[in-house]
Amino acid sequence: MEPNQAAEHLQAIRTLMERSAVYRRALAPIMVYCGVVGIVGGVVGGYWLPNSARGFVLYWASVAVVALFGSFLMVRRQSFKDGEPFWSPPIRRVVEALIPPFAVGAFLGIWFACVNQDIDGCGVLVPVWCVFFGLGIYSAGFFMPRGLKLFGLFYIVAGILLMWGLLNQTVRFPTAAFPNSLMAITFGGFHLAYGIYLYFTEPRGKAS
Amino acid sequence: MNPEPFLQLDRVIHEKGRLAIMSMLAASPELSFTELRNALSMTDGNLTTHIRTLQEEGFVAVSKSYAKNRPLTTCSLTPGGRKAFASYIDLLEQIVRQNKPK
């Protein structure tokens with residue numbers, strides 16, 4: 001065996017090992033939790049009606065923190081239960097894939113809050129967040145079960161269609177609570193639906 | 001070049017298909033037959049043959065169970081298989097090191 005052949009073998013082994021170490025923790029409870037947080041967030045936001053763009057962005061940033069923190073605790077508990085480290089190579093790759101699109105989405109939200117005053121305009125922000133959220137999930141899907149990539153793609157398509165509808169005024173703003181309702185449907189409803197689907201289809205008791 | 005490390009390479013692991021199976025299993029506590037088949041784009045027959053060879057060598061353990069009323073075959077590396085795989089990697093690294101310009 002030539003040394004360059006050995007090097008190629010090592011590279012192939014490394015690639016296969018990386019591909020094998022896919023994140024496979026149970027996603028159903030996390031999805032259901034995020035869905036419930038999103039829907040409750042939408043209902044509370046709809047009644048509370050933050051009457052400025054800044055209030056809307058701050059409010060949903062808080063909801064996102066609650067959802068992320070709860071998800072973090074769930075993943076951590078699953079890791080401990082399986083006697084495995086929380087910060088494993090698969091989860092590191094998932095987080096690294098999520099960060100860039102999530103950061104851009106957050107930056108656009110902050111920018112939007114700085115240049116807009118009116119809550120009505122926030123409806124446009126929802127599809128933008130949908131697209132960047134979908135991009136993050138789609139990227140993370142390369143290191144997760146196949147369904148996650150489709151879930152990400154669904155958000156991207158939904159975001160683009162929603163944006164198209166809003167810009168062409170096919171979708172209108174019926175009330176001031178509209179952006180919050182839209183958030184409840186997209187971030188709450190989609191997560192909850194996918195979580196319920198996973199609950200019945202996801203293999204149990206297996207993680208890596 | 002010293003041919004010694006190459007001669008020590010485990011012939012069972014050195015085969016392309018079996019090396020791929022060992023590599024996948026080395027990075028995961030266990031993988032189902034379907035996961036291995038899909039990840040490596042192998043036919044059922046080909047994968048079964050390779051797994052049987054690895055099992056006979058004591059490198060891979062196969063367990064059969066049922067999930068949602070469907071048979072589930074899972075494979076994992078045995079401690080001996082893990083050790084043999086680590087030795088194989090060491091030898092490959094030795095071969096690479098041998099020809100590095102000093």
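Chain B exposes about 5,900 Å² of surface, with carbon and sulfur atoms supplying 52% of that. This is a predicted model, and chain B is a good place to start with it. Of the 102 residues in chain B, 42% are buried. Its secondary structure comes to six helices and three strands, and along the sequence these run α-α-α-β-α-α-β-β-α. As for how far its contacts reach along the chain, 55% of those between residues at least 6 apart in sequence join residues at least 24 apart.

Confidence in chain B averages a pLDDT of 86, with 90% of the residues at 70 or more. Among its elements, helix H5 (residues 44-56) of chain B comes out with the highest mean, 94, while helix H1 (residues 4-8) of chain B has the lowest, 73. Where pLDDT is low, the predicted coordinates should not be read in detail. For the complex as a whole, the predictor gives an ipTM of 0.78 and a pTM of 0.67.

Helix H3 (residues 16-26) of chain B is mostly covered, with 10 of its 11 residues buried. The buried residues of H3(B) include Arg18(B) along with Leu19(B), Ile21(B), Met22(B), Met24(B) and Leu25(B). Gly17(B), Ala20(B), Ser23(B) and Ala26(B) are buried in this helix too. At the start of H3(B) there is a polar contact to pick out: a side-chain oxygen of Glu15(B) comes to within 2.8 Å of the backbone nitrogen of Gly17(B).

Ser41(B) makes for quite another picture. This residue sits in the loop between helix H4 (33-40) and H5 of chain B. Its phi is near 50°, a positive value in a residue other than glycine. Ser41(B) counts as exposed because its relative accessibility is 67%, and the cut-off for that label is over 50%.

Now to chain A, which has seven helices and zero strands, so the pattern along its sequence is simply α-α-α-α-α-α-α. Chain A has 208 residues, and 46% of them count as buried. Its accessible surface comes to about 11,100 Å², of which 70% belongs to carbon and sulfur atoms. Among contacts in chain A with a separation of 6 or more, 79% are between residues 24 or more positions apart. The average pLDDT of chain A is 84, and 87% of the residues score at least 70. Of the elements in chain A, H5(A) has the highest mean pLDDT, at 94, and helix H1 (residues 3-20) of chain A the lowest, at 80.

Phe132(A) belongs to that H5, which spans residues 125-140 of chain A. Setting aside neighbours within four places in sequence, Phe132(A) touches Pro101(A), Phe102(A), Val104(A), Gly105(A) and Leu108(A). Val104(A) is 28 residues from Phe132(A) in sequence, yet their C-alpha atoms are 7.3 Å apart in space.

One of those partners turns up again in the second largest pocket, which holds about 1,300 Å³ of space. Its lining takes in 42 residues, and Phe102(A) is among the closest to the centre, together with Ala64(A), Leu68(A), Leu98(A) and Phe133(A). Two or more lining residues come from each of helix H2 (28-48), helix H3 (53-81), helix H4 (89-115), H5, helix H6 (147-167) and H7 of chain A.

Helix H7 (residues 178-201) of chain A carries Asn180(A). Asn180(A) counts as buried because its relative accessibility is 0%, where the label requires a value under 20%. Its side chain has polar partners all the same. A polar contact of 2.8 Å joins it to the side chain of Trp60(A), and the side chain of Asn180(A) also reaches the backbone oxygen of Gly45(A) at 3.3 Å.

Trp164(A), in helix H6 of chain A, falls on the other side of the accessibility scale. With a relative accessible area of 55%, Trp164(A) is exposed. Trp164(A) and Pro127(A) lie 37 residues apart along the chain, with 9.2 Å between their C-alpha atoms.

Definitions and conventions. Residues are numbered from 1 along each chain as its sequence is written. Chains are lettered from A and ligands numbered from 1 in the order in which they are written. Side-chain values use heavy atoms; hydrogens and water are left out. Helices (H or I, at least four residues) and strands (E, at least two) are DSSP runs, numbered from the N terminus. Buried means under 20% relative accessible area, exposed over 50%, partly exposed in between (1.4 Å probe, protein chains only). A polar contact is a pair of N or O atoms within 3.5 Å; within protein, one must be able to donate a hydrogen and the other to accept it, and residues adjacent in sequence count only if both atoms are side-chain atoms. pLDDT is the predictor's confidence in each residue, from 0 to 100. Contact means heavy atoms within 4.5 Å. Accessible areas come from the Shrake-Rupley method with a 1.4 Å probe; for residues, only the protein chains shown count as cover. On a 1 Å grid over the protein atoms alone, a cavity is a set of points where a 1.4 Å probe fits but cannot get out, and a pocket is an open set with protein on both sides within 12 Å along at least five of seven lines; lining residues have an atom within 4 Å of a point. Grid points are joined across faces, edges and corners, and a volume is the space filled by probe spheres set on the points.
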